[in-house]
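Let's take a walk through a protein model together. Have a look at the picture first, and then we will go step by step.

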Amino acid sequence: MSGSSNGWRMDDVVPSAEIVQRLDRDVAPLVAIDPNYAGEVAERWRYRDGSGEVGVISSVTQAFCHSCTRARLSTEGML
């Protein structure tokens, strides 16, 4: 299960796909757009009317660690 190593409870998480569906339905229609660069962790969407864009980072429901290019430093000082 994604997120099991950091204490996330799936019952407390709204999946990113649901967030995008709600925005598309309730705010304005969305269309997926390409990443700005290799390893970008946000999935990006633009409003069809050109009024802006949103990005969704799905670290729990759609883990992206395999493509992440960033180093992480924990609170304990571990890299």
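A residue is called buried if its relative accessible area is under 20%, exposed if over 50%, and partly exposed in between, using a 1.4 Å probe and protein chains only. By that yardstick, buried residues make up 23% of the 79 residues in this protein. Keep in mind that the model is predicted, so local features need a pLDDT of at least 70 and side-chain atom pairs count only at pLDDT 80 or more, while totals for chains, interfaces and linings use all residues. Residues are numbered from 1 along each chain as its sequence is written, and side-chain values use heavy atoms, with hydrogens and water left out.

Now for the secondary structure. Helices (H or I, at least four residues) and strands (E, at least two) are DSSP runs, numbered from the N terminus. The protein has one helix and three strands, and they follow the pattern α-β-β-β along the sequence.

Let's turn to two of the strands. Strand β2, residues 42-47, pairs with β3 in the antiparallel sense over five bridges; strands count as paired if DSSP finds at least two bridges between them. Glu 43 has Val 56 in β3 as its bridge partner. The two strands form a hairpin with five residues between them, and Gly 50 in the turn has a positive phi of about 80 degrees.

Which side chains of β3 (residues 53-57) point to one face and are buried? They are Val 54 and Val 56, while Glu 53, Gly 55 and Ile 57 point to the other face and are not buried.

Finally, Ser 59 lies in the segment after β3. Ser 59 counts as partly exposed because its relative accessibility is 42%. Ser 59 and Ser 16 are 43 residues apart in sequence, and their C-alpha atoms are 9.1 Å apart in space.
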